[in-house]
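Here are my notes on this one, set out as numbered points. Have a look at the structure first, and then we can go through it together.

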Protein chains: 2
Amino acid sequence: MPEPVTVAVDANGADLGPAEVAAGAAAAASRGTRVLVYGPAEAIGDAPEGVTVVDAPVSIAKAAEPVMAVRSTPDASIVRAARAVGAGEADALVCGGSTGAAVAASLFNIRRARGIYRPALALPLPIPGAPVLFLDVGANVEVRPEHLVQFGFMGAAFARAVMGIERPRVALLSNGEEPTKGTPELLEAHEQLTARAATVEGVEFVGNVEGTTFTEGVADVVVTDGFTGNVALKLIEGVSSTLLGAVRGAAESSARGRAGGLLLRGALRGLRDDLDPEAAGGAYILGLRRVGVVHHGRFTRRGIERAIGVAERGVRERAVERTQEALEAAGALRGAPSESTATVPS
Amino acid sequence: MPEPVTVAVDANGADLGPAEVAAGAAAAASRGTRVLVYGPAEAIGDAPEGVTVVDAPVSIAKAAEPVMAVRSTPDASIVRAARAVGAGEADALVCGGSTGAAVAASLFNIRRARGIYRPALALPLPIPGAPVLFLDVGANVEVRPEHLVQFGFMGAAFARAVMGIERPRVALLSNGEEPTKGTPELLEAHEQLTARAATVEGVEFVGNVEGTTFTEGVADVVVTDGFTGNVALKLIEGVSSTLLGAVRGAAESSARGRAGGLLLRGALRGLRDDLDPEAAGGAYILGLRRVGVVHHGRFTRRGIERAIGVAERGVRERAVERTQEALEAAGALRGAPSESTATVPS
């Protein structure tokens with residue numbers, strides 16, 4: 001029997017309320033995870049077996065200025081949960097929203113791992129037949145080339161550890177496939193990723209990917225800055241929902257269409273399951289000293305259980321340590337020896 | 001009878017070849033447009049009535065470095081067509097690809113209108129029930145705030161003149177709806193657009209729009225830089241095609257699904273017609289001294305006829321002059337008096 005993993009969970013970030021989070025935690029606990037739930041004890045009620053409820057009624061989930069709220073509200077549930085992870089009372093953090101508060105609470109309390117410039121938010125996208133780990137989807141509006149390079153190796157290490165992809169193919173999201181396409185930051189990151197990925201095992205840099213090929217399975221990890229990533233992610237959501245709505249509308253526009261829609265229902269349910277955002281458990285905060293997972297506020301107990309499961313897997317698979325090793329091997333840590341030294345074969 | 005409009009068309013930028021372009025030109029000519037077609041006379045054959053074929057067999061449509069190709073190939077068909085527009089022999093330019101060559105040939109030969117920083121590529125997106133004029137989709141990888149401000153007024157003026165939207169709602173694409181969200185360039189553009197749009201009629205600045213609401217009809221004109229715009233546009237294409245393919249796959253996965261798909265076919269054909277990229281005629285190059293339209297290389301004669309029609313409409317509706325007037329009224333021309341002076345009520 002391996003040591004149980006302890007996950008600290010903020011119960012105030014789910015739209016369905018703290019009791020739904022506690023239900024997700026109970027499901028995870030029934031599979032052997034130790035869960036500390038931070039939230040209003042009164043709303044949660046009796047703690048299920050394996051779950052410790054820590055009374056933390058203060059919520060900053062809806063704060064307009066999340067970073068400021070994290071700084072000024074040390075007793076907020078999300079801050080207390082992150083502090084427990086930082087202090088080693090738990091091995092991983094799971095929280096809902098807001099994303100800004102999750103990143104800030106993690107950054108201040110769990111802190112960056114050694115040599116990391118900036119934590120990044122990585123979201124596994126359930127593209128049918130071609131899943132992609134997409135980062136940064138919103139932690140850093142502006143980035144330097146070395147940040148993008150770290151994102152690439154961080155994403156690859158996490159894809160290997162948690163998603164079980166042996167040799168992840170890493171790409172940069174750009175406005176053309178040619179290495180000459182993109183912002184100056186991207187061109188520089190392209191050059192560095194080409195050079196550094198060639199010197200290490202377990203990762204392949206496949207160059208630039210465009211929006212048109214993004215969904216075609218040409219890369220396992222797609223890297224961009226947090227502005228473009230956030231815009232892209234929301235566009236994917238918006239276009240998917242508009243288009244599926246239009247298909248549904250077409251199916252309801254006539255008796256003939258309705259009959260067709262009924263016959264298709266089973267097959268489309270399969271597609272909906274493929275696209276289910278709860279299946280992936282949420283986004284990972286990469287670059288911390290411990291594992292952090294942010295689930296969507298809309299998640300039900302099922303998605304929250306999954307988020308706790310993903311966090312546990314990250315701990316068991318030593319995702320943080322392996323990320324560190326990968327960055328070290330690639331010479332991509334902050335303050336690493338210059339590239340020319342790092343790439344000399346020994 | 002109004003004066004006929006003359007449109008110069010490059011015949012070398014269509015995947016289906018010069019004869020297909022000539023067929024599109026013939027259809028436009030039959031409605032009274034004068035068309036000058038620049039391309040290989042041999043491949044085109046006899047000129048239909050109303051069409052003048054100018055033998056210009058040299059093509060740079062597939063050049064790897066379009067800007068350099070435009071500079072070094074003065075007899076390329078696209079360059080000759082643009083030169084005819086610059087010289088006043090034609091009122092508007094219509095060309096296919098590459099987009100880079102189209103923008104460069106226009107910039108060098110038709111030239112920027114007075115007070116314009118940078119031309120921008122604006123594409124009408126056929127979102128069902130909520131069409132959007134989206135710019136810049138690829139002309140400028142890096143922009144300054146004042147460029148984004150011009151894009152907003154240029155897009156609005158064009159939407160008014162060519163799309164017939166009386167008071168276009170202009171938005172900035174960002175990573176959040178709050179005015180505090182975005183890159184430093186966006187925050188500055190947001191401030192300037194708020195101030196300047198308040199002083200002029202015929203345009204409403206509605207703030208930031210995110211990808212999730214992009215498809216929901218909250219704005220008529222959505223402004224972004226050419227990097228984000230190009231990535232976003234290709235993502236919309238990629239996600240749409242993957243998703244419709246998955247729906248089709250679901251419909252073909254069983255006998256039941258196939259029967260449903262057959263019954264739905266008519267309704268889905270309506271959706272496909274709504275999404276038809278040829279219907280809009282292509283993207284507009286805004287900020288030139290005359291009208292420029294770039295159609296997709298994949299277009300058939302129908303889309304090319306439409307592109308010529310859109311160009312003619314731009315000329316008849318004085319899109320260029322009205323764009324200039326709108327920018328002048330907003331104090332958004334290059335070298336305009338400082339904002340404080342421009343916004344003093346007279």
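1. Let's begin with a helix on the sheet of chain A. Helix 1 of chain A lies across strand 1, strand 2 and strand 3 of chain A, and its direction makes about 175 degrees with strand 2 of chain A. Further along the chain, helix 6 (residues 145-163) of chain A also packs on the sheet, where it touches strand 5 (120-125), strand 6 (132-135), strand 7 (169-173), strand 9 (221-223) and strand 10 of chain A. The angle between helix 6 and strand 9 of chain A is about 160 degrees.

2. A word on confidence before going on, as this is a predicted model. Chain A has a mean pLDDT of 89, with 93% of its residues at 70 or more. The stretch to treat separately is residues 338-346 of chain A, where the pLDDT is below 50 and the model shows eight contacts beyond near neighbours in sequence. For the model as a whole, the scores are ipTM 0.87 and pTM 0.89.

3. Now the sheet itself. In chain A, 11 strands form an open sheet with mixed pairing, in the order 3-2-1-4-11-10-5-6-9-7-8. Strand 3 and strand 8 (204-209) of chain A have a single partner strand each, so they are the edges, with one side of each lacking a neighbour in the sheet. From one strand to the next, the twist averages 25 degrees.

4. The parallel part is easy to follow from the N-terminal strands. Strand 1 (residues 6-10) and strand 2 (residues 34-39) of chain A are parallel and joined over five bridges, with Asp10(A) opposite Tyr38(A) of strand 2. The connection from strand 1 to strand 2 of chain A runs through helix 1 (residues 18-29), giving a right-handed β-α-β crossover. Strand 2 of chain A also pairs with strand 3 (residues 51-55) of chain A, in the parallel sense and over five bridges; here Leu36(A) has Thr52(A) as its bridge partner.

5. Where does the antiparallel sense come in? One case is strand 10 (residues 283-286) with strand 11 (residues 291-294) of chain A, which pair in the antiparallel sense over three bridges. Within this pair, Tyr284(A) faces Val293(A) of strand 11.

6. Chain B offers a few further details. Its strand 1 (residues 6-10) pairs with strand 4 (residues 92-95) of chain B in the parallel sense over three bridges, and Val7(B) stands opposite Ala92(B) of strand 4. Helix 9 (residues 226-251) of chain B packs on the sheet against strand 5 (120-125), strand 6 (132-135) and strand 7 (169-173) of chain B, at about 130 degrees to strand 6 of chain B.

7. How are the two chains arranged? A turn of 180 degrees, with a shift of 0.0 Å along the axis, lays chain A on chain B with an RMSD of 0.0 Å. The two copies are therefore related as by a two-fold rotation axis. In chain A, the C-alpha nearest that axis belongs to Gly260(A), 1.8 Å away.

8. Finally, the interface. Chain A and chain B each bring 48 residues to the contact. On the chain A side, helix 8 (211-214), helix 9 (226-251) and helix 10 (255-275) each supply at least two residues, and helix 9 of chain A gives the largest share, 20 residues. By type, the chain A side has 24 nonpolar, 19 polar and five charged residues. Since 100% of the interface residues of chain A are also interface residues in chain B, the copies meet through the same surface.

Conventions
Residues are numbered from 1 along each chain as its sequence is written. Chains are lettered from A and ligands numbered from 1 in the order in which they are written. This is a predicted model: local features need pLDDT of at least 70, side-chain atom pairs count only at pLDDT 80 or more; totals for chains, interfaces and linings use all residues. Copies are superposed by least squares on the C-alpha atoms of residues with pLDDT of at least 70 in both. Two residues are in contact if their C-beta atoms, placed from the backbone, lie within 7 Å. Two strands pair if DSSP finds at least two bridges between them. Helices (H or I, at least four residues) and strands (E, at least two) are DSSP runs, numbered from the N terminus. A crossover is right-handed if, with the strands pointing away from the viewer, the path from the first strand over the helix to the second runs clockwise. Axes are lines fitted to C-alpha atoms, for helices over the stretch in contact, and angles run from 0 to 180 degrees between N-to-C directions. Ala, Val, Leu, Ile, Met, Phe, Trp, Tyr, Cys and Pro count as nonpolar, Asp, Glu, Lys and Arg as charged, and the others, Gly among them, as polar. pLDDT is the predictor's confidence in each residue, from 0 to 100.
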